[in-house]
Amino acid sequence: MKKLLLINFMLIAAFAAFAQQSATDGVKQSINTMFDAMRKGDSTLLKSVFAKEMVLQSISTNKEGKAVISTDSANDFAKAIGTPHTSVYDERITYGDIKIDGDLASVWAPYKFYLGDKFSHCGVDVFSLMKTAAGWKIIYIVDTRRKDNCIE
């Protein structure tokens, strides 16, 4: 009986680990698609991973050295990405902490942003995603922005 309980526990644990890994892969795929769309300048591809009422916010420091927050609409962001520009928008992230609870995911990802090959700024992206019938959709992004003290 103890053997049967142990085997059942191991199977349940293995299934849970597999399900978590599959969810993590899906979350990463949505975020990677967003950055691919940015590099390609493809607003349609970009919108494919955004929830309908997605919110974008940035925290930066103003001229007085105080933290300020700015908010952009997903449509304005997509328009900026889809408008022809001379340099590729290349945001390079490193996946940090990924947490998933059912249909909600949260991702912490340090990044460096380049215009073409030229470094522009760095910071941390924090994503919130929701699992839908069409896959993981980004519902919220907040980031920090600075020129130095970048996380390696």
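Of the 152 residues in this chain, 32% are buried. The model is a predicted one. The chain holds three helices and seven strands, and reading along the sequence gives the pattern α-α-β-β-α-β-β-β-β-β. Its accessible surface is about 9800 Å², and carbon and sulfur atoms account for 59% of that area. Among contacts with a separation of 6 or more, 52% are between residues 24 or more positions apart.

We can begin with the interior. The largest nonpolar core contains 28 residues, and Met 34, Phe 127, Leu 129 and Ile 138 are those with the most contacts inside it. The elements that give two or more residues to this core are α1 (2-40), β1 (50-61), α3 (74-82), β4 (98-101), β5 (104-115), β6 (118-132) and β7 (135-144). Helix α1 provides the largest share, seven residues.

Leu 129 is a useful place to look around. Leaving out residues up to four places away in sequence, Leu 129 touches Val 27, Ser 30 and Ile 31, as well as Asp 103, Leu 104, Ala 105 and Val 107, and also Trp 136, Lys 137, Ile 138 and Ile 139. Another residue to find from here is Ala 51, whose C-alpha is 8.4 Å from that of Leu 129, although the two are 78 residues apart in sequence. Ala 51 belongs to strand β1. The relative accessible area of Ala 51 is 16%, and the cut-off for buried is under 20%, so Ala 51 counts as buried. With neighbours within four places set aside, Ala 51 is in contact with Lys 137, Ile 138 and Ile 139. These three residues are also among those that Leu 129 touches.

Next, turn to helix α1, where Thr 33 lies. Is Thr 33 buried or exposed? Thr 33 is buried, because its relative accessible area is 12%, which falls under the 20% limit. A polar atom of the Thr 33 side chain lies 2.8 Å from the backbone oxygen of Gln 29. Apart from residues up to four places away in sequence, Thr 33 touches Leu 45, Ser 48 and Val 49.

Helix α3 shows how a helix can have two faces. Its buried residues are Ala 74, Ala 78 and Ile 81. Around the axis of α3 they cover an arc of only 60 degrees, so they lie on the same side of the helix. Which exposed residues does the face turned away from the buried side of α3 carry? That face carries Asn 75, Asp 76 and Lys 79.

The last feature is a covalent link. The chain has one disulfide, which joins Cys 122 to Cys 150 with the two sulfur atoms 2.1 Å apart. Cys 122 is in strand β6 and Cys 150 is in the segment after β7, so the disulfide ties together parts that are 28 residues apart in sequence. Why is the disulfide of Cys 122 and Cys 150 called left-handed? The torsion about its S-S bond is about -90 degrees, and therefore the disulfide is left-handed. Cys 122 is buried, because its relative accessible area is 1% and the limit for buried is under 20%.

How values were computed:
Residues are numbered from 1 along each chain as its sequence is written. This is a predicted model: local features need pLDDT of at least 70, side-chain atom pairs count only at pLDDT 80 or more; totals for chains, interfaces and linings use all residues. Side-chain values use heavy atoms; hydrogens and water are left out. A nonpolar core is a set of buried Ala, Val, Leu, Ile, Met, Phe, Trp, Tyr and Cys residues joined through side-chain atoms within 4.5 Å. Buried means under 20% relative accessible area, exposed over 50%, partly exposed in between (1.4 Å probe, protein chains only). Helices (H or I, at least four residues) and strands (E, at least two) are DSSP runs, numbered from the N terminus. Contact means heavy atoms within 4.5 Å. A disulfide is a pair of cysteine sulfur atoms within 2.5 Å. A polar contact is a pair of N or O atoms within 3.5 Å; within protein, one must be able to donate a hydrogen and the other to accept it, and residues adjacent in sequence count only if both atoms are side-chain atoms. The arc is that of the directions from the helix axis to the C-beta atoms. Accessible areas come from the Shrake-Rupley method with a 1.4 Å probe; for residues, only the protein chains shown count as cover.
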